[in-house]
Each structure stands twice: as C-alpha cells, then as structure tokens.
Amino acid sequence: MMKSTGAAAAFFAAALSAGFGCTALAQNAAQPRNNDASAPPPAAASQAADERPAVRAPVLKVLSVEVIRSTHGTPLDIVRVRGLTSSQGWEEAELVPLTRGTPKDGMLELMFVAQAPAQAMEATGFEPIEAIFPIESSHPFKGVNVHGATESVTLTQLPGYAEGKGSAEDCSKCVGKVFVAKGTVAPAGKSAAEVVKEEQLPPQSRVIKHSDGIASAESNPNRLTLVLSRDGTISSAIWD
C-alpha cells in the first residue's frame, strides 16, 4: 500500500505533474471566491494536483533472472525475475515479451514493468519486486534477456540463474548532504559520509541548483531529482 510522502513530495508533485502544476494553480487563483457547488473542495483539488495519470513503466533495476523447469503435468519453463523499484507504491509487476516468433539469436526478450505510484515519491530507499512468466518447455529459446529501466540481465543457460550488477545510491539518506558534481572535489573538511557524488547516482538523475530553471514538467517515476540549496546542500530527493 502506498504511503504518504509528506509535504515535500506533495509540493514537488504539484509543481512537476504533467497535467496540473502551475497552470492549475494559476487558474484557481484567477477564479472569484463564491459558493458554487460545482467547484471542487480544496482538499480534493490538492489531491488531484498531487496525482499524475496512471503509468506502467519499466522497473528501475533487474536483480536476477531465473528459469525453473517443471516436469509435473504440462512441462513448463518458468521465468522468475527479481528487481528493485525506485520507491514504494509500485504494483502489478509483470514480464512483457518483446520477442515475436523465433528469434535468430534464440533469445527471449522480456521487459519488466509495473504500475508506477500515482504521485511523486520521496527517496526512502529501493523496494523489492518480482514477477514470473511461464512458457511451454517446447519453446525454441536458448536464453532469456530481461530489460529494466537502467539495464538488462541475460541468462544464457536454461534452466539456470543470472544476477545483475550492484545497485546505485538510493538517496534515502541524501538530504542534508553536500552534492559533489563530476570532475569536482568535496569541500574541505567534508568526509565521504557527508557528501553525495554525482557518479554514485542512478542513471537519468537530475540535479536542480538553487538558481536553475526547470525546462520540462514531464514526469518520470524512474528519475531521481535532487534539489540543492544555495550552499550546494541537498534539500529534497524525489522520484518524480
């Protein structure tokens, strides 16, 4: 069950949601105050601004791919995939086949997807998720390649097991630390535990400095956004 993300996530979602954000706030401000029964109550309007259209997106990271061969009843090969989502609130995981017919290389290509949260989420740590995909044992495949949002994991022996690479920084403890961009050094007197290096962040991450504009309000539940204060300290860490 998705948990509340607090004031920071609610504000950030309202500012960046694809369908709402500043335009919706401006429209509300321009309307005269009256007792029109058709106008949504403030709580409902706030909730709508926090939410984005339902999105099925690739799971952030594939941890492992396993094929289990069952010989009881109808023979089956069962593809079991474990992964990590960017935040809490992802549901209904499934493996979607990209392969049609018999591939020349013999590889079954799958995409690991799930229902993303309906709002931007604070970075509180990656969450485990898994899905299975059964196929008849008479299939022509020699291996399985499963794609997540950031990389893929390949299994070349069936049945068998393969693991992905290690995880990037989940930024559950990034707030309050100093951001260090690639090619720069940490401020004097700051230990490794007090800084977050850009190269440690997941792919697609973006960093918004205090003086930066925001060129796009497009939402992406697999994008980590760090907001920096004037002194370069991370003030917010949001999967938006």
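Strand 14 and strand 15 are joined as a hairpin that leaves five residues between them, and within the turn Gly-232 takes a positive phi of about 85 degrees. The model in which this hairpin is seen is a predicted one. The two arms of the hairpin, strand 14 and strand 15 (residues 234-239), run antiparallel and are paired over five bridges, with Leu-228 standing opposite Ile-234 in strand 15.

Strand 14 has a further partner, for strand 13 (residues 206-208) pairs with strand 14 in the parallel sense, over three bridges, and here Arg-206 stands opposite Thr-225 in strand 14. Strand 14, which spans residues 224-228, is itself mostly covered, since four of its five residues are buried.

From these strands one may turn to the protein chain as a whole, which contains three helices and 15 strands. Of its 240 residues, 38% are buried, while the chain exposes about 13,500 Å², of which carbon and sulfur atoms supply 53%. Among the contacts in the chain with a separation of 6 or more, 65% are accounted for by residues 24 or more positions apart.

There remains the covalent link between cysteines. Cys-171 and Cys-174 form a disulfide in which the sulfur atoms lie 2.1 Å apart, a distance that falls within the 2.5 Å required of such a pair, and the count by this rule comes to one disulfide. The torsion about the S-S bond of Cys-171 and Cys-174 is about -85 degrees, and the disulfide is therefore left-handed. Both Cys-171 and Cys-174 are buried.

How values were computed: Residues numbered from 1 in each chain as written. Predicted model: local features only at pLDDT ≥ 70, side-chain atom pairs only at ≥ 80, totals over all residues. Heavy atoms only, no water. Buried < 20%, exposed > 50% of the residue type's maximum accessible area, 1.4 Å probe, protein only. Contact = heavy atoms within 4.5 Å. Areas by Shrake-Rupley, 256 points an atom, 1.4 Å probe, with all protein chains shown as cover. Pairing = 2+ DSSP bridges.
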